[in-house]
Amino acid sequence: MATFLYRIGRWAFRRRRLVGGTWLVALVLAGVAAAAAPAGEEEDLSMPGTESQKAFDLLDERFPESNAQGAEARLVFRAPDGQRVTAQEHKAAVADALDSLAGGGQVASATDPYEAGDISEDGTIAYSTITYTADAVDLTGPTKSALEDAADQAGDAGLTVEIGGSALDAEEEPGGTTEIIGVAVAAVVLVLALGSLVAAGLSLLTAFAGVAIAFGLVSALAVPLGLTSTVAILALMLGLAVGIDYALFITSRFRDELARGSEPEEAAGRAVGTAGSAVVFAGATVFIALVGLGVVGIPELTKMGMGGAGAVALAVLVALTLVPAMLGFAGRRVLSRAARKAARRAGERPHAVPATVGRPGLGVRWARFVLRRPVAVLLVAGLGLGAVAVPALGLELGLPGDESKSVETTQRRAYDLLSEGFGPGFNGPLTVVVDTSEAADTEAATERVAETVRDLDGVASVGDPVLDKAGETALFTAVPETAPNSGETKDLVNSIRDEAAGVEADTGAEVLVTGTTAMNIDISAAMSDALLPYLTVVIGLAVLLLTVVFRSVLVPLKAALGFLLSVGAAFGVLVAVFQWGWGADLLGIEQTGPVMSLMPILIIGIVFGLAMDYEVFLLTRMRETYVHGASPGEAIVHGFRHSGRVVAAAAIIMISVFAGFVGMSSPTIQTMGVGLAAAVAFDAFVVRMAIVPAVLALLGHRAWWLPRILNRVLPNVDIEGEALSRRAPAPASGSVPRLPAGRY
C-alpha cells in the first residue's frame, strides 16, 4: 500500500495544476447541482417490522382517505387570566380563526373545540385539531403560513395561541455562530501546531473543499434519496473534522521529511505513502462502521450512515490527492519561518534544517513520565474513565418530541399548555387498531378491546371507536396519564400489548398499538436490542484490522478495551447532561429526558473510526521505530516525539468542530455534538495519551508479539512504509536516535 500511495503522492505533486483544477471543477459542479436541486425535507422516522409500523401500514390500507402519518397541527387557545375560553367573544375569535383555515389547501379537517368538547376542566384552555392530506414534509409554504395567520388572528382578539403538532416542523440549517467558533478554534490550533500560516491554511482549504463537495452532493440528492437535514449536518460535521485531521497528518509528515533532507517531491511521496496509508486505514474504519449502521433496519439511520461515510470517503480522496498537490504549490513555505531562518543562518538549504538540541518537547517529557510510572498512570486513567462511565448504567433511550424543544418555540409552548390543561399524557396519545377481518363479531371484538384498555392502570381516557368503510378495522385513542417519554407510558404500551394477546385468542381479532409515542418506544427498544450485537461487530472488526496493521495480538486487544472505555465514558456524559441535567443550562438544553435512541449506535460507529485514527497515527511511529531495532521504551518516546503533538492538535480540532454543533436547536444534533466531543476527548487524551503508553510500557517486547501462523497468514499492508525505505533510503539525518539508558 505504501508504495502505491507513494506514487500517487509524487504524481499529484508533479501534476498539481491538473489535480487542483479537477477538484475545482468537482466543487463547482457539486455547487451547481445543489443550487438547482429542490430542497429536501424531513421524513417521518419509521422502522419496518415493528408493531407500530405494521399498524400504520394497515391504517393506510384500510383508511386510504386519511393519511395515518399525515401532518397534524393543534391550535391551542388560552383565555386571559381570570377569564374562560368559553366566553362568547372568545368563541367568536376561535370560530373566525378556524373559518380562515376551512377549505384551505391541503387541509382535511379542523375540529371545533366547543362541539368536540376539547376544553379543559377549568375552562381556560381549548384546542382544535387540524389534519392535512399530506405528510409534514409535503406541506407547502402557503399552507403553513395560513396556519400561523390563523393563530395570529385569534391572538389579536386577546387569546394566547400556540401551535403544536408536526405541521410546523422545520429542518435545521447549518451555519450558526457556534459552528463558526468551532472552525475558528480549529484554525488557531493548526497555526500553533504547525507554526506556519501557509501550512494551516492549506489544511483548512483542502478540508473545506472536500466538505463543500460532500455537502453539495447530499443537498443535490436530498429529494431523490430522501436525505434529511440531519444527514447533511452529519456529513458536514464528520467531513470537516476528519478532513482537517487527515490534511494535518499528511502535511505534518511532509514537513518532517523536508526537515530530514528530502526534496519536496520526494517528501510529498513519502508523506502520502506513510501518513497516507494511515489515513486510508483510519478512513476505511470510519466508512465501514458508518455503512454498517444499515444493518439496524432504520431507514433514517441508514441514510445518516451513508451520508457520513460518503463525506469521510471524500476526505480521504482529498487528503491523498489534493493535499500533495497543494503542497506542490506551497513547497518549503509549509516550514515555520524560524526553521527557514535557521537554515539560512547556517548557510544550508531549507530542506536541510538541522535537528535542534535542547529541552525535550512536552510529548517526550510526558512519555518518559509514563514510562517511569506506568502502573500509577494506568490506574488513575482507567479508574477515572470508569467513574465517568458509571452514569451510563442508567441510560434510557427515547426520541425527542416537542417537550425537548426550546421554550422559545411555539411547539414547546403548545405542549406545555396542553399538559397543563389536559394532563401530561395528552401529548402522547396511543392509537389502538383492531383488525376484525378474521373475527366472528366486529362490534363485540372492538368493544372487548376498548373495555380491556379502559380497565388498565395508567389510562386517563379512551375515545369512541371509528370503523373503516368495510367495517373490518376499528381504531380508537387511549390517552395515558403520564408523559410520552416516561417509563410509565412505556409500561402501559407493553401492558396493552400483553392483554391484547388474550383478546386475540378469544375473538380472532388482531390488536395493534401505534401512534408517535408507541413508534418511539418500538424504535428505542429495537435500538437497545441492536446495541450489543453492533458493538460486538465493531470491536471484532477493530481487533481484526489492527492485528493486520500492527502485526500484533495484544495491541489490538488493548485498543479495543480502550475504545470501550472512551465510549462508556461518553455515554456517561450523555446521561449526566441529557437525563440528569448536569451542565444542561450551559449548553442551552432546556429539557432533560431520555437520550436520543439513535445516538448510542451512531456514536459507537463514528467514534470507532476516530479512535482508530489516533491509534494508528500514534502507534505507527512506535512500530516503525521498534522494527528498526529500538527498544520498546525508545519506540514509545519516539512515537510521542513525532506524533504526540499532531495527535493532540487533531483531537482538539475534532472536539472544537463537534462542540460547535451543540449550539443548534435540534436535540439530535445537540446530543451528537456533546457525545462525539466527549468521546474524542476521552479517547485521545486519556486512552491514547495515557493508557496506551502505560500498557505498552508494561508489556515491553510482548506488545509486538504475533504467533507464527498468523504472521504467515495475515497480509502485510506495510503501513509503516518499510518498502519505501528499501526503495529509496531516507537521509541519514532521519535515523532513529538512541536514548541514553534510564532517560526515558
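These legends accompany several close-up views of a predicted model.

**Figure 1. An overview of the whole protein.** Welcome to the full chain, which has 25 helices and eleven strands. Of its 744 residues, 54% are buried. Sequence-distant pairs feature strongly here: among contacts between residues at least 6 apart in sequence, 80% join residues at least 24 apart.

**Figure 2. The largest nonpolar core, and another one apart from it.** The largest nonpolar core brings together 159 residues. Tyr246, Phe563 and Phe658 are the residues with the most contacts inside this core. Its largest share comes from helix α10 (residues 229-259), which supplies 19 residues. Another core lies apart from it and has 26 residues, including Phe77, Val107, Ala134 and Ala151.

**Figure 3. A closer look around phenylalanine 658.** Here we stay with one of the residues that have the most contacts inside the largest core, Phe658. Leaving aside residues up to four places away in sequence, phenylalanine 658 touches Met237, Leu238 and Ala241, along with Leu610. The other residues it touches are Gly673, Leu676, Ala677 and Val680.

**Figure 4. Helices α8 and α10 packed together.** Helix α8 (residues 197-220) packs against α10 with 8 Å between the axes and an angle of about 150 degrees. Angles over 145 degrees count as roughly antiparallel, so α8 is roughly antiparallel to α10. The two helices make a right-handed crossing. On the α8 side, the residues that meet α10 include Ala199, Leu202, Phe208, Val211, Phe215 and Val218. On the α10 side, look for Val231, Ala235, Gly239, Gly243, Ala247 and Arg255, among others.

**Figure 5. The crossing of helices α20 and α21.** Helix α20 (residues 554-579) and helix α21 (residues 599-626) cross at roughly 135 degrees, and their axes come within 10 Å. The pair is therefore oblique, and the crossing is right-handed. From α20, the contact is made by Val555, Lys558, Ala559, Phe563, Val567, Phe571 and Leu574. Phe563 may be familiar from Figure 2, as one of the residues with the most contacts inside the largest core. Partners from α21 include Pro600, Ile603, Val607, Phe608, Glu615 and Leu619.

**Figure 6. Glutamate 162 and its polar contact with arginine 413.** Glutamate 162 sits in strand β4 (residues 160-165). With a relative accessible area of 10%, glutamate 162 falls under the 20% limit and is therefore buried. Its side chain makes a polar contact of 3.0 Å with the side chain of arginine 413. Beyond residues up to four places away in sequence, glutamate 162 touches Arg74, Leu75 and Val76, and also Thr410, Arg413, Ala414 and Leu417.

**Figure 7. Serine 524 within helix α19.** Serine 524 belongs to helix α19 (residues 516-550). This serine is buried, at a relative accessible area of 8%. A polar atom of the serine 524 side chain lies 2.9 Å from the backbone oxygen of asparagine 520. Not counting residues up to four places away in sequence, serine 524 touches Leu397, Gly398, Leu399 and Ser597.

**Figure 8. Alanine 501 and valine 511.** Our last stop is alanine 501, in helix α18 (residues 487-507). Its relative accessibility is 44%, between the 20% and 50% limits, so alanine 501 counts as partly exposed. Alanine 501 and valine 511 are ten residues apart in sequence, and their C-alpha atoms are 8.0 Å apart in space.

Terms used: Residues are numbered from 1 along each chain as its sequence is written. This is a predicted model: local features need pLDDT of at least 70, side-chain atom pairs count only at pLDDT 80 or more; totals for chains, interfaces and linings use all residues. Side-chain values use heavy atoms; hydrogens and water are left out. Helices (H or I, at least four residues) and strands (E, at least two) are DSSP runs, numbered from the N terminus. Buried means under 20% relative accessible area, exposed over 50%, partly exposed in between (1.4 Å probe, protein chains only). A polar contact is a pair of N or O atoms within 3.5 Å; within protein, one must be able to donate a hydrogen and the other to accept it, and residues adjacent in sequence count only if both atoms are side-chain atoms. Contact means heavy atoms within 4.5 Å. A nonpolar core is a set of buried Ala, Val, Leu, Ile, Met, Phe, Trp, Tyr and Cys residues joined through side-chain atoms within 4.5 Å. Axes are lines fitted to C-alpha atoms, for helices over the stretch in contact, and angles run from 0 to 180 degrees between N-to-C directions. Angles under 35 degrees count as roughly parallel, over 145 as roughly antiparallel, 65 to 115 as roughly perpendicular and the rest as oblique. A crossing is left-handed if the near helix is turned anticlockwise from the far one by less than a right angle, and right-handed if clockwise.
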